[in-house]
Amino acid sequence: MTTKRWLWALAVLPLLPLLLVFWAWKLPTRATADTVILLAGDWEARPADAGADAAWTPLHIPGSFTDQHLTEPVLRLRRRFVAPRDTVGHDANFVLSNVRVATVRVFLNGALIGMRGEPSRGFIGGESGAETYFIAAHHLREGENTLELEVTSMRPGYDGITDSRMLLG
């Protein structure tokens, strides 16, 4: 090898790890229908203390529960959905928009995945807008899943989920 080539190789050698990092690194993929599902829209609701065979009432989110003739202080909300293809078998997150003056317990396929506030003590916590709940990979199934929210309203008439930021992915 000529001296010129040796000098070039020696000059490039310290840059090689940096070049490999840039070559291997890529930006995260954008959110798509394969990775995220919007859960705002049509849900079902019933009183939390209703029996297992009690009927579910249609509910639209975002919206007030009282305005949709659901006046019970503790409601169970339900949404069935098919998980985004690329989330099955992986950890995911559920983003829940602001729930007015209420405690919330979040269930996925019957398993409690998170809560805000403490219903038995009437502790709500701050209304901070959208909150994120972690979903371990084993809770999200291929095919149909059921997401349920148990909402305990602390101020009847000033209730509901106020915006459409309800995402899973």
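Two residues are in contact when heavy atoms of theirs lie within 4.5 Å. In this predicted model, Arg165 has such contacts with Val95, Leu96, Ser97, Gly129 and Ala130, leaving out residues up to four places away in sequence. The C-alpha atoms of Arg165 and Val95 are 6.8 Å apart, although 70 residues separate the two along the chain. Arg165 sits in the loop between β9 and β10 (167–168). With a relative accessible area of 41%, Arg165 is partly exposed, because that class covers the range between under 20% and over 50%. Its side chain also makes a polar contact of 2.9 Å with the side chain of Asp163.

Contacts across the sequence can also be counted for the chain as a whole. Of the contacts between residues at least 6 apart in sequence, 76% join residues at least 24 apart. The chain has 169 residues, and 39% of them are buried. Its secondary structure consists of two helices and ten strands. Read from the N terminus, both helices come before the strands.

Six of the strands make up an open sheet, in the order β3-β2-β4-β9-β6-β7, with antiparallel pairing. At the edges are β3 (57–61) and β7 (111–116), each of which pairs on one side only. From one strand to the next, the twist averages 30 degrees. In general, strands of a sheet pair through backbone hydrogen bonds, in a parallel or an antiparallel manner. One pairing in this sheet is that of β6 (residues 102–108) with β9 (residues 144–153), an antiparallel pair joined by seven bridges. Within this pair, Ala102 stands opposite Ser153 of β9.

Strand β9 also contains Glu148. Is Glu148 buried or exposed? Its relative accessibility is 17%, so Glu148 counts as buried, the limit being 20%. The side chain of Glu148 is joined to that of Arg76 by a polar contact of 2.5 Å. Arg76 is also among the contacts of Glu148 beyond four places in sequence, together with Leu77, Arg78, Arg105, Val106 and Phe107.

Ser153, the residue opposite Ala102, also helps to line the largest cavity. Other lining residues of this cavity include Phe65, Thr66, Leu70, Pro73, Leu75, Pro156 and Asp159. The space in the largest cavity is about 40 Å³. Over the whole structure, a search finds two cavities of 30 Å³ or more.

The backbone remains. Most residues other than glycine have a negative phi, and most peptide bonds are trans. Where does the chain have a cis peptide bond? Such a bond joins Ile61 and Pro62, with omega at about 10 degrees. Pro62 belongs to the loop between β3 and β4 (74–82).

Two further residues have a positive phi without being glycine. Val101 has a phi of about 35 degrees and lies in the loop between β5 (92–96) and β6. Val101 is at 9% relative accessibility and therefore counts as buried. For Asn109, phi is near 50 degrees, and this residue is found in the loop between β6 and β7. Asn109 has a relative accessible area of 18%, which means that it is buried.

Key: Residues are numbered from 1 along each chain as its sequence is written. This is a predicted model: local features need pLDDT of at least 70, side-chain atom pairs count only at pLDDT 80 or more; totals for chains, interfaces and linings use all residues. Side-chain values use heavy atoms; hydrogens and water are left out. Two strands pair if DSSP finds at least two bridges between them. Helices (H or I, at least four residues) and strands (E, at least two) are DSSP runs, numbered from the N terminus. Axes are lines fitted to C-alpha atoms, for helices over the stretch in contact, and angles run from 0 to 180 degrees between N-to-C directions. Buried means under 20% relative accessible area, exposed over 50%, partly exposed in between (1.4 Å probe, protein chains only). A polar contact is a pair of N or O atoms within 3.5 Å; within protein, one must be able to donate a hydrogen and the other to accept it, and residues adjacent in sequence count only if both atoms are side-chain atoms. On a 1 Å grid over the protein atoms alone, a cavity is a set of points where a 1.4 Å probe fits but cannot get out, and a pocket is an open set with protein on both sides within 12 Å along at least five of seven lines; lining residues have an atom within 4 Å of a point. Grid points are joined across faces, edges and corners, and a volume is the space filled by probe spheres set on the points.
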